[in-house]
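Work through these exercises on charged side-chain pairs. Try each task before you read its solution.

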Amino acid sequence: MTDTEGNTRTAGQAYNEAQQAKEEAMNKKEELKAQAKDQAQSHAQDLDASRNPNASLSEQKDQLAGAASQKADQASSEADREANRRGVDQGDAENQARAKANQLKEKIPEKHRAAASDAINTSKDIVQDAFPEERRNQFIYRLKKVVVECQEHKDYMEAVSCYDNTC
């Protein structure tokens, strides 16, 4: 597979890169969430410090409202500056991954896609004829159980991590 920059890589590598970009986005989201929480606590402390405890209750409310408005304006302007600085769409990585998947699909000749589709439909028909629904559900359940057990095995985990890191 060749990307827009002329770099060649396998579909597995493109998938891994998309997964890595997704993971980085999730980590960034968690970091920003923690920062927002810290900022909220800091703002609450600033607001509390900005009021005069000796003033009347209505004066304290006015002081807090003014300080909160000022903090909101500051936060809004900082958020606008940060968004302009980044200039990145949140769904950009996801859209790129979908585009790459579609490019891969388009590279498969129509006759091969048709043959694969026919084989899938034939297999489904055979399975539906050979197994009643209850037996089919039991078989699927057992098969899922086997797959999960295999994926939990140490050798499998090492092989997958070796494949991801291209040992």
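**Exercise 1.** State how Glu 110 and Arg 113 are placed along helix H4, and what links them.

*Solution.* Start with the helix: H4 covers residues 110-130. (Helices are DSSP runs of H or I, at least four residues, numbered from the N terminus.) Glu 110 and Arg 113 are three residues apart in H4, so about one helical turn separates them. Next, check the contact: the two form a salt bridge, with the closest N and O atoms 3.7 Å apart. (A salt bridge is a side-chain nitrogen of Lys or Arg within 4 Å of a carboxyl oxygen of Asp or Glu.) Last, take accessibility: Glu 110 is exposed at 54%, and Arg 113 is partly exposed at 30%. (Relative accessible area under 20% is buried, over 50% exposed, in between partly exposed; 1.4 Å probe, protein chains only.)

The model is predicted: local features need pLDDT of at least 70, side-chain atom pairs count only at pLDDT 80 or more, and totals for chains, interfaces and linings use all residues. Residues are numbered from 1 along each chain as its sequence is written, and side-chain values use heavy atoms, leaving out hydrogens and water.

**Exercise 2.** Describe the pair Lys 154 and Glu 158 in helix H6.

*Solution.* H6 spans residues 154-164. Lys 154 and Glu 158 sit four residues apart in it, about one helical turn. Their side chains meet in a salt bridge, 4.0 Å from N to O. Lys 154 is exposed at 57%; Glu 158 is partly exposed at 43%.

**Exercise 3.** How many salt bridges does a search of the whole structure find?

*Solution.* The search finds three. One of them joins Lys 29 to Glu 30, with the closest N and O atoms 4.0 Å apart. Lys 29 is partly exposed at 43%, and Glu 30 is partly exposed at 40%.

Technical notes
Helix = DSSP H or I, 4+ residues; strand = E, 2+ residues; numbered from the N terminus.
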